[in-house]
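Colleague: Please pick one part of this model and take me through it closely. Keep it brisk, and give me the cut-offs as you go.

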Amino acid sequence: MPRKRYPEPRMWKIKPPIEYPMEVKYRPILESLVPLDPMSLIRLKRGTPEEEFPSLDRNYTVMGRILTLNMYKRQYNRATDSGVIFSDVIQPGLEDPGQLSGPVSVGCLAGDAQCYILFCDFFDRIIEAYHGYKMTSNQESDFNYDNLKGGDDFDREHVLGCEVRVSRCVEDFSFPVHCCRGERRQLLSLAKKALGQVEEELPGQLHSMEELTEDKLGEALTMETATDLRRRTGVSRDWPDARAVWISKDGNLAVWINIDDHLQLVSARTDSNIKKAFESACVHLQKLEVQYRKLRHSFIWKQHLGWVVSSPAEVGTGLKASVQLKLRHLAQHKRLQNILERLRLCMDFTGSSEVYKVSNAHTIGFTEVELIQLLVDGVKLLIVMDRTLEDPEGSIDHLVPAQK
């Protein structure tokens, strides 16, 4: 049977657009009067890289040690799609150059996720120097809290409290140091939607920073404020606009929105059970991640970096866990700093007598479970050492560990 042929469409039936002679005549003139896009008028009035290279003589950050003129030249004329240039990245380290003695900061912040790719020559070296992590490796993630050994058996005389903080940034948005008001408000709206979806299984309340008081935070959580450093680096621009915190009904869990990163989940306890705090952080962070995926705004993950956040000091897992540890004798020991480095821990004075905050020093190169395990094992060893030093003749040389 022969195939049926359909007649070709008659092109003459399609009417051409009507053209008005006066419009055709004056269109070029009218178009020339339309103002240009303001962004097309921007011209950065900068000198040569040699003229713009910052003074790093008294800069004690990792950035101050790593950055050279040749590296600066290679990054100089690059900009991310959202407009972050290299000067924006290193400005936090110029605002806060650090001190000769004391903890060393990275001295830089990414304005968006693309910074880690576009300025990889710089950021890779920063991460390697700060974390001792080779960027040729791939980061892994593990939220299986059942794999953690211990953490619920600390000596209550020494461990007075614990906290697990996990930071996340969201795809398609600039980071707090660079984002505009509109982006910040969109991020708050996304957080409200995501938290609203888990309200039945996780009851709590969202508070804006304007209405937040210490009483609403409870005993376990600590207040976030627009510190002087946040002001100088631009993180707290327009404070407290679109900043908020969600607090669980029991007061042990909080989600900070638009502070140092898009989200920071904090699981805190007034007892010594860091295993429970870690479990709570894992469970509820994964629930939030599911909701953000449904909203088509996933948390940022890169294979070689892990979870991407604004500070290279926290990429990988974005996890900072800490315990409040009472040390009567070890805190003054001459080998303490070396011991902490071997354990991959850091220690800060809390302001209370003989009480110190001990936390993981690095966030990349280990999974979440491995980082908590390092903290648990390290704290137990520090307690043993402190007890050993109760004896005036006691020595801890045999307890000093190998490098973890």
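**A helix and the turn after it**

Modeller: Start at Arg 296, in the loop between helix 11 and strand 6 (301-302). Helices (H or I, at least four residues) and strands (E, at least two) are DSSP runs, numbered from the N terminus. The model is predicted, so local features need pLDDT of at least 70 and side-chain atom pairs need 80 or more, while totals for chains, interfaces and linings use all residues. Residues are numbered from 1 along each chain as its sequence is written, and side-chain values use heavy atoms, leaving out hydrogens and water.

Arg 296 is not a glycine, yet its phi is positive, about 65°. This residue follows helix 11. Arg 296 is exposed, because its relative accessible area is 74%. Exposed means over 50%, buried under 20%, and partly exposed in between (1.4 Å probe, protein chains only).

Now step back into the helix. Helix 11 covers residues 274-294, 21 in number. From first C-alpha to last, helix 11 reaches 30 Å, close to the 30 Å expected. That expected span is 1.5 Å times one less than the number of residues. At the start of helix 11, a side-chain oxygen of Asn 273 comes within 3.3 Å of the backbone nitrogen of Lys 275.

The buried residues of helix 11 include Ile 274, Ala 277, Phe 278 and Ala 281. Cys 282, Leu 285 and Leu 288 are also among them. So are polar or charged members, including Ser 280, His 284, Glu 289 and Gln 291. Here Asp, Glu, Lys and Arg count as charged; Ala, Val, Leu, Ile, Met, Phe, Trp, Tyr, Cys and Pro as nonpolar; the others, Gly among them, as polar. An α-helix has 3.6 residues a turn, so residues three or four places apart point the same way.

Take Glu 289, which sits in helix 11. Glu 289 counts as buried because its relative accessible area is 13%. Setting aside residues up to four places away in sequence, Glu 289 touches Phe 299 and Trp 307. Contact means heavy atoms within 4.5 Å.

Helix 11 also borders an opening. The second largest pocket is lined by 13 residues. Ser 248, Asp 250, Leu 253, Ser 280 and His 284 lie nearest its centre. Strand 5 (263-269) and helix 11 are the elements giving two or more residues to that lining. Helix 11 provides the largest share, four residues. The lining divides into four nonpolar, five polar and four charged residues. On a 1 Å grid over the protein atoms alone, a pocket is an open set of points where a 1.4 Å probe fits, with protein on both sides within 12 Å along at least five of seven lines; lining residues have an atom within 4 Å of a point.

Another positive phi occurs at Asp 238, about 60°, again in a residue that is not a glycine. Asp 238 lies in the loop between helix 10 (228-233) and strand 3 (244-248). At 31% relative accessibility, Asp 238 is partly exposed. Pro 240 belongs to the loop between helix 10 and strand 3. A cis peptide bond, omega about 5°, joins Trp 239 to Pro 240.

For scale, the protein chain comes to 13 helices and 10 strands. Buried residues make up 46% of its 404 residues. Among contacts between residues at least 6 apart in sequence, 74% join residues at least 24 apart.

Note on methods: Polar contact = N/O pair within 3.5 Å; in protein donor to acceptor, adjacent residues only side chain to side chain.
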